[in-house]
Amino acid sequence: MAYMILYNFYRNATFVFVLFWYVLYTGFTLTTAITEWSSVLYSVIYTAVPTIVVAILDKDLSRRTLLKYPQLYGPGQRDENYNLRLFIFIMIDSVWQSLACFFIPYLAYRKSIIDGSSLGDLWTLSVVILVNIHLAMDVIRWNWITHAAIWGSIAATWICVMIIDSIPIMPGFWAIYKVMGTGLFWALLLAVTVVGMIPHFAAKAFSEYFIPSDIQIAREMEKSQDFHDVTHPEVQMSTVSRA
């Protein structure tokens, strides 16, 4: 629950910051490159389903492990999973990812004839891909429902953007089709994803390999099938933590 609260702050902040950078380059006008429909669907379709599915189905450890070693509930009681430090870190991460989403496509297309609506579609797809990959990187227990929710949401975003841009009365009519057929479009999506995920990947790798929590240690022990053979859990957990 603590992780999902932070994740919801992050996924909404990333999208809002992209809109904020756009405002700085348009003289603080009320116009937006991202269609109103995409702005509404972002929290309804594009990113909502993975959040709900992961919140319900994902879990740190098995029920048997938690019942056998109740000291693993300690991090929650000590507010180690939800605190001001983690909130600041995830907000910094959202700023970084929004910068990658906005400025990499902007710098690539600023001297081209591509219009704002086409850039807006690229920004929308970039944000949705980033926040869903961010979530996928943190999923602990995968199943077909989780796969369908995360990757299906990305696919649903593509479909919705294409449908919106196929309606003649919409301001961004045919915008996605003007850029989707070029190699630069796909290269920019890849670049945004790689650059945007660097801080989160580095922080995750560092914390898990150099300063793992008791829950992370127990998870690894579960994977190695040695965890349930431990006869003195409190001694073992404290010993492994010091190691």
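This passage describes the overall build of a predicted model and then turns to its annotated regions, helix packing, buried residues and cysteines.

In the predicted model, the protein chain contains 12 helices and 0 strands, and its pattern, read along the sequence, is accordingly written α-α-α-α-α-α-α-α-α-α-α-α. The C-alpha trace of the protein chain extends over about 70 × 30 × 30 Å along its principal axes. Of the 243 residues in the protein chain, 40% are buried.

Two kinds of annotation are available from UniProt, both from an unreviewed entry. The record places the feature "domain: P-type ATPase C-terminal" at residues 1-213, a span that is 74% helix and 0% strand in the model and whose end C-alpha atoms lie 17 Å apart. The record also gives the annotation "transmembrane region" to residues 12-34, 40-57, 86-108, 120-137, 149-177 and 183-203. Among these stretches, residues 40-57 are 94% helix and 0% strand, with end C-alpha atoms 26 Å apart, whereas residues 86-108 are 100% helix and 0% strand, with 33 Å between their end C-alpha atoms.

Two helix pairs illustrate how the helices are arranged. In general, the packing of two helices is described by the angle between their axes and by the distance between those axes. Helix H1, formed by residues 2-24, packs with helix H6, formed by residues 84-109, at an angle of about 40 degrees, and their axes are 8 Å apart. Because of this angle, H1 is oblique to H6, and the crossing of the two helices is right-handed. The residues of the contact of H1 with H6 comprise 18 that are nonpolar, 4 that are polar and 1 that is charged. The second pair consists of helix H3, residues 48-57, and helix H8, residues 144-164, which pack at an angle of about 160 degrees with their axes 8 Å apart. H3 and H8 are therefore roughly antiparallel to each other, and H3 passes H8 in a left-handed crossing.

Burial was examined for helix H11 and for individual residues. Helix H11, which spans residues 214-223, is mostly covered, since 7 of its 10 residues are buried. The buried residues of H11 are Ile215, Gln216, Ile217, Ala218, Arg219, Met221 and Glu222. By contrast, Leu67, which belongs to helix H4, residues 63-68, has a relative accessible area of 63% and therefore counts as exposed, the cut-off for this class being over 50%. Leu67 and Ser98 are separated by 31 residues in sequence and, from C-alpha to C-alpha, by 41 Å in space.

The cysteines were considered last. A disulfide is, in general, a covalent bond between the sulfur atoms of two cysteines, and the structure holds 0 disulfides. Cys101 takes part in no disulfide, and the nearest cysteine sulfur to it, that of Cys160, is 18 Å away. With a relative accessibility of 0%, Cys101 counts as buried. Cys160 is likewise in no disulfide, its nearest cysteine sulfur being that of Cys101. Cys160 has a relative accessible area of 16% and is therefore buried as well, because the cut-off for burial is under 20%.

Technical notes: Residues numbered from 1 in each chain as written. Predicted model: local features only at pLDDT ≥ 70, side-chain atom pairs only at ≥ 80, totals over all residues. Heavy atoms only, no water. Axes fitted to C-alpha atoms, helices over the stretch in contact; angles between N-to-C directions. Helix = DSSP H or I, 4+ residues; strand = E, 2+ residues; numbered from the N terminus. Parallel < 35°, antiparallel > 145°, perpendicular 65-115°, else oblique. Left-handed = near helix turned anticlockwise from the far one by under 90°. Nonpolar A, V, L, I, M, F, W, Y, C, P; charged D, E, K, R; others polar. Buried < 20%, exposed > 50% of the residue type's maximum accessible area, 1.4 Å probe, protein only. UniProt positions renumbered as here; feature names shortened; annotations may be inferred. Disulfide = S-S within 2.5 Å.
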